[in-house]
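The exercises below are to be worked through with the sequence and the model in view. Each task is followed by a stepwise solution.

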Amino acid sequence: MTALPTLLVLDAEPPPRLGRLTGRVRVVRTDEAGLADRLPGADVLLVWDFTSHAVRSAWPGAGPRPGWVHTASAGVDHLMCPELAASDTVVTNARGIFDAPIAEYVAALVLAMAKDLPRTWQLQREREWRHRESRRVAGTRAVVVGSGPIGREIARTLKALGVTTAVVGRVPRTGIHGPDDLDRLLARADWVIAAAPLTERTHGMFDLRRFGVMQPSACFVNVGRGQLVVEDALVRALEGRWIAGAALDVLATEPLDAESPLWRVPGLLVSPHMSGDTVGWRDELGAQFVELFERWAAGRPLRNVVDKQRGYVPGH
């Protein structure tokens, strides 16, 4: 009898639903503390706890390593280390699950800031009737930094609101601007949306100079990775009214400490990394992994294969 392959799950609550794989795989669950000891015995690693950085520290240890690692997230920066990048292990991600939800969330933020909804809610709580004028969204300009599926879906959604949208990617191509165009586009944009993966090139790309390039009426939104932004620079830009407002759904350190000054910055909306998390999203992630596992077990090519040197799925 052929031994069943071993699936190691770096777990989080609630655990993934893997019922379709019953009798087809041996499932071993672990927390961060047990990951290093259990890696050598695994054929496949499912990083269900995509907030954990345990893979980066556990992977360089002794012994064999899984031939396939899947993370239940779009980004892979939390698990990549030089040893994993240099290995023959295939890495896949959850590309396709979060595109539309994040695009909807960005559209909601744009509308909320244009219509000054946070201020309306505050005035209501203070029982103050204060008439104001709000901005129209149609006819404004947006630049989306990140040309992957999420960035492109954000652009499509904003275009449906009448926003003229430009997308910036790592390499210029039809319909996509290259990095050399970014400053020019920032200088004209009403909405700047960060949706890029975290790589050596993108780390800290939104710094004091970039916020200085933006026009005073611009609003900045980050739904990519917290480390794309130099947070002290954003605070200075908002306090100095270099830009009109900002929204961060991702932070350099999560969860955000209760004493962080970011909670109190004027014009800044902070949300707890929830832009892609809609009702049923965990079930979708589990179903996606099961489908990928069935392809792997049948010897068929996997989808969503990450270029480990670039840090994202290429070809988009």
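**Exercise 1. Residues with positive phi**

Does Asn 304 count as buried or exposed? Determine this, and then compile the backbone description of Asn 304 and Arg 127.

Solution. The model is a predicted one. Step 1: the relative accessibility of Asn 304 is 15%. Step 2: the cut-off for buried is under 20% relative accessible area, so Asn 304 counts as buried. Step 3: Asn 304 belongs to the segment after helix 10, and its phi is positive, about 60 degrees, although the residue is not a glycine. Step 4: Arg 127 is likewise a residue other than glycine with a positive phi, near 55 degrees. Arg 127 is placed in the loop between helix 5 (117-125) and strand 6 (141-145). Step 5: with a relative accessibility of 80%, Arg 127 counts as exposed.

**Exercise 2. Aromatic pairs**

Classify the ring pair of Phe 98 and Trp 281, and state which parts of the chain the pair ties together.

Solution. Step 1: a pair of aromatic rings is described by the distance of the centres and the angle of the planes. Step 2: there are 10 aromatic pairs in the structure. For Phe 98 and Trp 281, the ring centres are 6.2 Å apart and the planes stand at 55 degrees, so this pair is tilted. Step 3: Phe 98 sits in the loop between strand 5 (90-92) and helix 4 (99-114), while Trp 281 sits in helix 10 (residues 281-297); the pair therefore ties together parts that are 183 residues apart in sequence. Step 4: both Phe 98 and Trp 281 are buried.

Now treat Phe 289 and Phe 293 in the same manner.

Solution. Step 1: the centres of these two rings are 6.2 Å apart and the planes are at 50 degrees, so the pair of Phe 289 and Phe 293 is tilted. Step 2: both residues lie in helix 10, 4 residues apart, which is about one turn of the helix. Step 3: Phe 289 is buried at a relative accessible area of 1%, and Phe 293 is buried at 1% relative accessibility. Step 4: Phe 289 and Phe 293 form one aromatic cluster with Trp 68 and Trp 296.

**Exercise 3. The surroundings of strand 9**

Which strands are joined to strand 9, and how does the chain cross between them?

Solution. Step 1: strand 8 (residues 191-194) and strand 9 run parallel and are joined by 4 bridges; Trp 191 has Cys 219 as its bridge partner. Step 2: strand 8, helix 8 (residues 208-213) and strand 9 constitute a right-handed β-α-β unit. Step 3: strand 9 and strand 10 (residues 245-248) also run parallel, with 4 bridges between them, and Phe 220 has Ala 246 as its bridge partner. Step 4: from strand 9 the chain passes through helix 9 (residues 231-239) to strand 10 in a right-handed β-α-β crossover. Step 5: in a regular strand the side chains alternate between the two faces of the sheet. In strand 9 (residues 219-222), both faces are covered: Cys 219 and Val 221 are buried on one side, and Phe 220 and Asn 222 on the other.

**Exercise 4. Cis peptide bonds**

Locate the cis peptide bonds that lead to Pro 14 and Pro 255.

Solution. Step 1: Glu 13 and Pro 14 are joined by a cis bond with omega about -10 degrees; Pro 14 is in the loop between strand 1 (6-10) and strand 2 (26-30). Step 2: the bond from Glu 254 to Pro 255 is cis with omega near -5 degrees, and Pro 255 is in the loop between strand 10 and strand 11 (268-270).

Definitions and conventions
Residues are numbered from 1 along each chain as its sequence is written. This is a predicted model: local features need pLDDT of at least 70, side-chain atom pairs count only at pLDDT 80 or more; totals for chains, interfaces and linings use all residues. Side-chain values use heavy atoms; hydrogens and water are left out. Rings of Phe, Tyr and Trp (its six-membered ring) pair if their centres lie within 6.5 Å; planes under 30 degrees apart count as stacked, over 60 as edge-to-face and the rest as tilted. Helices (H or I, at least four residues) and strands (E, at least two) are DSSP runs, numbered from the N terminus. Buried means under 20% relative accessible area, exposed over 50%, partly exposed in between (1.4 Å probe, protein chains only). Two strands pair if DSSP finds at least two bridges between them. A crossover is right-handed if, with the strands pointing away from the viewer, the path from the first strand over the helix to the second runs clockwise.
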